[in-house]
Amino acid sequence: MFETLQPAPADAILKLIAESKADDRPEKVDLGIGVYFTEDGRTPVLDVVKRAEQRLFDMQQTKAYLGTAGSPDFNAAMQQQTFATSAFDDRLVTVQAPGGSGSLRVAAGLIARAWPDAVVWASEPTWANHIPLLGGAGLELKPYPYYDTDKHVIDVAAMVAALKTASEGDIVLLHACCHNPSGIDPSEDEWRAIADVIVERKLIPFIDMAYQGFANDLDTDAFAIRHMAERVDEMIVCNSCSKNFGLYRDRVGSMSVLCRDTASRDIVASQLSSIARTLYSMPPDHGAAVVSIILTDAALRADWILELNEMRDRLKNMRALLNDALKEKAPEHDFSHLVRATGMFCFLGISAAQIERLKKDYSVYMVGSSRINVAGITPANVNYLAESIAATL
């Protein structure tokens, strides 16, 4: 049977990780892999997570199944963190999923069941895994303009113009904050303009929020979701707890669907249960139980926000450090978009040949689009990184 198979194409980021690991030059700078690092290169377990895990260890009495929707306590806590109100409770259903990717895949399955001919509009560019996750479920995808690679800004006018050509019922995939890969987000006024066209054209927002708290704060980062929830009849929201709780390998995510009414909500809930049953039966419990403990305990939640603030501030500081170093090392080039971006990622804005030279001659690793993970920058390596970039320019 398997003799008919051909090798699958190598994942570009996984290939880059392997190349970086094989490089033993001490000056190596890895800006490719998409996880948070401290200044000493660790991806830590948050202190608040350890405390919640200890509490879970002490109080958990069973490992019995919870069901296809996962933990009710987790789902309620994530719904509150996302929407910050109970005003939509009679129209909302929230389910636990195996990470942000699992949430997106469940959403894709729901869309495919509800409307097999659905068209999903995605930003150009978007997160690399959006296309295979959604397209692999059989959905048709179309791009809308988003990032101006010359000016390093969002072309909101072009984005809105493209969405005005969408058909009623088309779905618009949006990044709530910390756009991956560009790091450039709409302002609140720009979000309002985007919402206007969504309402006007009767489109359905499909919002991916993988980095809540990494751009500004928990509430500001959810602005697009909360604003649109006030204006639309239907909406899909996918959340990930990988970055803001540091629970990468525990696969913790949620998916919320805002429906027209309570009857529709109940139907959607039954369909989500069916989809989960056929994909993974039930999501893993441990990480979700930890998140639930943190979000429902005022003291733990306050301490989590402090740790989250520290991660966000480190990323902002590293952007500023690199921008300042590049002003000194390459004064004829403008890298100010580094400090306008938010979250872990942004485009450096150099050519494929320069990226290859950085890897070969200077042991600096980034993906071929020039997207960099700002968490790979430290006070100890920023000058070397800036000198290497300047030398390739």
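This is a short talk on one cavity, two nonpolar cores and one buried asparagine in a predicted model.

Let me start with the empty space. Rolling a probe the size of a water molecule over the atoms shows where such space is left. Here the count comes to 1 cavity of 30 Å³ or more, and the volume of the largest cavity is about 40 Å³. What lines the largest cavity? The residues are Y144, Y146, M159, L174, H175, H179, P186, W191 and I194. Sorted by type, that lining has 7 nonpolar residues, 2 polar ones and no charged ones. Strand β7 (171–175) and helix α7 (188–201) each supply at least two of the lining residues.

L174 leads to the next topic. Along with M235 and L322, L174 has the most contacts inside the largest nonpolar core, which has 100 residues. Helix α11 (residues 298–329) gives the largest share of this core, 9 residues. Apart from it there is another core, of 27 residues, including V95, A118, I236 and V257.

Now back to M235. Leaving aside neighbours within four places in sequence, M235 is in contact with F83, I204, P205, I207, I225, M228, A229, S256, V257 and L258.

Last, N239, in strand β9 (residues 235–240). Is N239 buried or exposed? Its relative accessible area is 2%, and buried means under 20%, so N239 is buried. The side chain of N239 makes a polar contact with the side chain of T82, at 3.1 Å. Not counting residues up to four places away in sequence, N239 touches M78, T82, G99, G100, S103, M209, Q212, G253 and S254.

That is the end of the talk.

Methods:
Residues are numbered from 1 along each chain as its sequence is written. This is a predicted model: local features need pLDDT of at least 70, side-chain atom pairs count only at pLDDT 80 or more; totals for chains, interfaces and linings use all residues. Side-chain values use heavy atoms; hydrogens and water are left out. Helices (H or I, at least four residues) and strands (E, at least two) are DSSP runs, numbered from the N terminus. Buried means under 20% relative accessible area, exposed over 50%, partly exposed in between (1.4 Å probe, protein chains only). A polar contact is a pair of N or O atoms within 3.5 Å; within protein, one must be able to donate a hydrogen and the other to accept it, and residues adjacent in sequence count only if both atoms are side-chain atoms. Contact means heavy atoms within 4.5 Å. On a 1 Å grid over the protein atoms alone, a cavity is a set of points where a 1.4 Å probe fits but cannot get out, and a pocket is an open set with protein on both sides within 12 Å along at least five of seven lines; lining residues have an atom within 4 Å of a point. Grid points are joined across faces, edges and corners, and a volume is the space filled by probe spheres set on the points. Ala, Val, Leu, Ile, Met, Phe, Trp, Tyr, Cys and Pro count as nonpolar, Asp, Glu, Lys and Arg as charged, and the others, Gly among them, as polar. A nonpolar core is a set of buried Ala, Val, Leu, Ile, Met, Phe, Trp, Tyr and Cys residues joined through side-chain atoms within 4.5 Å.
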